[in-house]
Every structure is written in C-alpha cells, then in structure tokens.
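This text goes through a protein–DNA model step by step. Please look at the sequence and the structure before reading on.

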Number of protein chains: 2
Amino acid sequence: MVKITIQEVAEKYDLSKDTLRYYEKEGLIGPISKNKSGIREYQEEDLNRIEFVKCMRSAGLSIAVLKEYIKLYDEGDSTKDARMKLLEKERVLLKEKIDCMEEAYQKLNYKIEYYKKEK
Amino acid sequence: MVKITIQEVAEKYDLSKDTLRYYEKEGLIGPISKNKSGIREYQEEDLNRIEFVKCMRSAGLSIAVLKEYIKLYDEGDSTKDARMKLLEKERVLLKEKIDCMEEAYQKLNYKIEYYKKEK
DNA sequence: TCTTGACTTGGAGTGTACTATAAGTAGTAT
DNA sequence: ATACTACTTATAGTACACTCCAAGTCAAGA
C-alpha cells in the first residue's frame with residue numbers, strides 16, 4: 001500500500017497544500033489517514049478523488065455542489081438517483097458555459113484577425 | 001438618436017443596474033451621457049461595448065484585463081499592436097479553459113452513463 | 001543535544017466581482 | 001400638495017475560494 005505525502009500530492013496535481021487541507025475540511029476529499037505523528041498519508045483511492053475534484057473545480061463546479069455530491073456518495077447506493085440528477089444538472093450548466101466561452105473565443109478570433117489584416 | 005434607460009439596458013442584457021454602474025465606474029463602459037437630471041442615457045454605441053464586455057466577462061476574462069484593453073482602445077491607433085497582443089494572450093487562456101471544461105464534460109457524461117446503465 | 005525543515009491546527013486575511021444600503025433628487029400620478 | 005417610483009451618489013457588506021499566519025510538534029542530520 002503506497003503512502004504519499006501532502007507535498008507530493010500538491011506537486012502531482014498542482015494544488016497547494018493549503019488547498020488540499022481546505023478540500024478535506026470541506027469534505028470534498030478524505031478524511032485522509034494519518035500516521036502516529038498526525039501527518040497525512042494519502043492513499044491511491046484518495047488520489048482518484050482528488051483528480052476528480054480538481055477537474056470539476058477547474059471546470060467551474062462549486063465547492064458546495066461537489067460537497068453535496070460527495071455527501072450523497074458517502075451515503076451509499078440509495079442516493080444513486082439523486083447523484084445522477086445532480087450530475088445531469090451540472091452537465092447542463094457546464095454545457096452552457098462552454099457554449100458561452102466558444103462564442104467569446106470566436107469573437108476574440110474575429111477581432112484578432114481584424115487587427116492582423118489591418119497591419 | 002435613440003436613448004435607453006439603465007433599466008432597459010439591464011433587462012436587455014440581463015445585468016443588474018448596479019453591475020452596469022460598477023462597470024462604468026471601473027471604466028469598462030462609458031462614460032455614459034446623462035440628461036439634465038443626472039440620469040444615464042445609453043446610446044447605441046454604448047450597447048455594443050456592453051455586449052462585448054458581457055460576453056468576455058461570462059467567458060471569464062477579468063475586469064482588470066478588460067479595463068486594460070479598453071484603456072488601450074481609448075488611447076488610439078498607436079496601441080493597436082498592444083491590444084492585439086493582449087487579445088492573443090487571452091485567447092490562449094480561454095482555449096485552455098475550454099479544453100479543461102470539455103474534459104470535465106466528458107467525465108460527467110461518462111459518470112452519468114454509468115449511473116444510467118446500472119439502473 | 002541542537003538546529004533545521006516539514007508537518008500540524010485554528011483562525012484570520014485576501015482578491016475578485018459584485019450587491020446592498022442610506023440619503024437624497026427628480027418626475028409623474030392622484 | 002403629497003405620495004410613489006426610479007433614478008443618483010458614495011460607501012459598506014457579501015460570497016466564494018482560497019491563502020496566509022502563529023504557535024506548536026516531530027523526525028532526521030550535524
């Protein structure tokens with residue numbers, strides 16, 4: 001069983017140690033097991049969760065939503081339907097955001113092209 | 001020359017009146033002309049700017065960046081190159097964000113499909 | 001043994017972007 | 001004239017997501 005320090009996790013996922021502790025406090029990850037000195041030892045399964053949270057956070061899903069999802073997850077199989085509904089809702093929001101950003105991207109392209117042609 | 005009230009602009013672009021005044025104070029739009037009672041009268045050209053700002057803001061460009069762009073714009077033709085460079089930089093950042101969100105979108109899709117199949 | 005460095009906690013502080021409040025004015029309806 | 005509504009300003013407050021700080025612990029190396 002591989003154990004990884006907070007430092008290593010922070011480097012691996014480009015998150016600060018403070019952020020990792022913050023996510024844990026908020027219940028987005030963990031609870032992470034600790035050694036006899038009280039130092040965190042991240043396990044393989046923790047890393048999957050961290051990767052998921054990081055990906056969703058950088059896509060703009062809020063801490064609150066992720067917290068809710070993980071709460072449901074920890075409550076067991078009976079919440080599968082609620083979890084799916086939550087994800088579907090977030091998917092719609094995410095799609096809207098992506099569309100909005102694509103639109104801005106096209107506008108930026110257009111403006112940049114205009115500047116280039118003018119030269 | 002058409003004149004539009006802040007109320008109408010707010011409704012048209014789904015921005016609060018406070019936000020419109022805030023953007024103006026920050027120099028992202030305007031300065032908006034006022035009637036003898038001191039009330040804002042938005043003109044056609046103001047609306048184009050508002051639409052641009054709204055689009056870029058909802059795509060995640062910061063107030064600071066937009067402020068800088070508009071400052072350069074107001075300084076005249078000599079800043080065209082700087083403006084283009086600024087937009088190109090933001091375009092790269094925006095592309096990265098879109099890619100990141102697409103990735104999250106795929107992950108969400110995958111998870112949702114998993115829940116659906118399980119049923 | 002002493003120092004160094006990385007860790008721990010709880011709580012305070014920060015940046016960004018609004019958003020709300022208070023106090024006042026101006027124009028319209030009764 | 002009075003009430004109502006929408007506007008104005010300046011400034012304070014809020015939400016979110018970190019980010020930093022102080023004070024202390026622990027293990028390893030000189």
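Which side chain has a polar atom 2.8 Å from a phosphate oxygen of DNA strand C? The residue is B:R57. The model is a predicted one, and the distances and counts below are computed from it.

A:Q7 also approaches the backbone of the DNA: an N or O atom of the A:Q7 side chain is 3.1 Å from a phosphate oxygen of DNA strand C. The side chain of B:D18, by contrast, has an N or O atom 3.1 Å from a base nitrogen of DNA strand C. Two or more residues of the surface near this strand come from each of α1 (6–13) of chain A, α2 (17–25) of chain A and α2 (17–25) of chain B. Of these elements, α2(B) gives the largest share, with 4 residues.

In total, 16 residues lie around DNA strand C, and A:K17, A:R21, B:Y23, B:S37 and B:R57 come nearest. Of the atoms of DNA strand C within 4 Å of the protein, 83% belong to sugar and phosphate. The protein surface near the strand is mixed in class, with 6 charged, 5 polar and 5 nonpolar residues.

The next topic is how the two protein chains meet. Contact involves 34 residues of chain A and 34 residues of chain B. Together the chains bury about 3500 Å², and carbon and sulfur atoms give 73% of that area. On the side of chain A, the three residues A:R91, A:M101 and A:Y115 supply 21% of the area buried against chain B, more than any other three residues.

Polar interactions also cross this interface. There are 3 salt bridges between chain A and chain B; one of the salt bridges joins the side chains of A:K116 and B:E88, with N to O at 2.9 Å. The count of residue pairs in polar contact across the interface is 9. On chain A, α3 (44–58), α4 (63–75) and α5 (80–118) each supply at least two residues of the side that touches chain B. The most comes from α5(A), with 26 residues. By class, the side of chain A that touches chain B has 17 nonpolar, 15 charged and 2 polar residues.

What relates the two chains is a rotation of 180 degrees with 0.0 Å of shift along its axis, which superposes chain A on chain B with an RMSD of 0.1 Å. This is therefore the relation of a two-fold axis. Both copies use the same surface, as 100% of the contact residues of chain A recur in chain B. Within chain A, the residue that comes closest to the rotation axis is A:I98, whose C-alpha is at 3.2 Å.

Key:
Residues are numbered from 1 along each chain as its sequence is written. Chains are lettered from A and ligands numbered from 1 in the order in which they are written. This is a predicted model: local features need pLDDT of at least 70, side-chain atom pairs count only at pLDDT 80 or more; totals for chains, interfaces and linings use all residues. Side-chain values use heavy atoms; hydrogens and water are left out. Contact means heavy atoms within 4.5 Å. Buried area is the accessible area (1.4 Å probe) that two parts lose on being put together, summed over both. A salt bridge is a side-chain nitrogen of Lys or Arg within 4 Å of a carboxyl oxygen of Asp or Glu. A polar contact is a pair of N or O atoms within 3.5 Å; within protein, one must be able to donate a hydrogen and the other to accept it, and residues adjacent in sequence count only if both atoms are side-chain atoms. Ala, Val, Leu, Ile, Met, Phe, Trp, Tyr, Cys and Pro count as nonpolar, Asp, Glu, Lys and Arg as charged, and the others, Gly among them, as polar. Copies are superposed by least squares on the C-alpha atoms of residues with pLDDT of at least 70 in both. A residue is near a molecule or strand if one of its heavy atoms lies within 4 Å of it.
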